[in-house]
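Subject: Structure handover

Hello,

Here is the structure for your files, with the sequence alongside. My notes on what was found follow below.

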Amino acid sequence: MINTIKNFLNDESGATAIEYGLIAALVSVAAIAALQSLGGSLQSIFGVVSTELGNAAANANAGS
């Protein structure tokens, strides 16, 4: 019985799992923050691309 209690107190596998969980949460928060900061610029870039493609299609149709 005493050995079982000693083994239980010396077992650190739960602490390791918690540490990995905290690291995963930190990486997730960093990824979300990075994507949010890039969101506006990506939307602007794709807006420009969409406009240019629309203009190119209109010009191609006008020349036909």
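To start with one residue, T16 sits in helix α2. T16 is classed as partly exposed because its relative accessibility is 33%, and partly exposed covers the range between the 20% and 50% cut-offs. From T16 to N3 the C-alpha distance is 22 Å, with their positions 13 residues apart in sequence. Please bear in mind that this is a predicted model.

Overall architecture

The protein chain contains two helices and zero strands. Helix α1 covers residues 2-10, and helix α2 covers residues 13-63. Along the principal axes, the C-alpha atoms occupy a box of roughly 90 × 20 × 5 Å. The radius of gyration is 28 Å, whereas a compact globule of 64 residues would have one near 11 Å.

How much of the protein chain is buried? Of its 64 residues, 0% count as buried, that is, 0% have a relative accessible area under 20%. The accessible surface of the protein chain comes to about 5,600 Å². Carbon and sulfur atoms supply 67% of that area.

Helix α1

L9 belongs to helix α1. Is L9 buried or exposed? L9 is exposed, because its relative accessibility is 63% and the cut-off for exposed is over 50%. L9 and L26 lie 17 residues apart in sequence, and their C-alpha atoms are 28 Å apart in space.

The nonpolar patch

Which residues form a nonpolar patch on the surface? They are L38, L42, I45, F46, V49 and L53, and together they have about 580 Å² of accessible area.

Two members of the patch have been looked at one by one. I45 is in helix α2, and with a relative accessible area of 48% it is partly exposed. That value falls under the 50% cut-off, so I45 does not count as exposed. F46 is also placed in helix α2. F46 does count as exposed, because its relative accessibility is 57%, and exposed means over 50%. The C-alpha atoms of F46 and A57 are separated by 16 Å, and the two residues are 11 apart along the chain.

In short, the protein chain has two helices, 0% buried residues, and a surface patch of nonpolar residues that includes I45 and F46.

Regards

Conventions:
Residues numbered from 1 in each chain as written. Predicted model: local features only at pLDDT ≥ 70, side-chain atom pairs only at ≥ 80, totals over all residues. Heavy atoms only, no water. Patch = residues over 30% accessible without salt bridge, like charges linked within 9 Å, V, L, I, M, F, W, Y side chains within 5 Å. Areas by Shrake-Rupley, 256 points an atom, 1.4 Å probe, with all protein chains shown as cover. Salt bridge = Lys/Arg side-chain N within 4 Å of Asp/Glu carboxyl O. Helix = DSSP H or I, 4+ residues; strand = E, 2+ residues; numbered from the N terminus. Buried < 20%, exposed > 50% of the residue type's maximum accessible area, 1.4 Å probe, protein only. Rg over C-alpha atoms; globule rule 2.2 N^0.38 Å.
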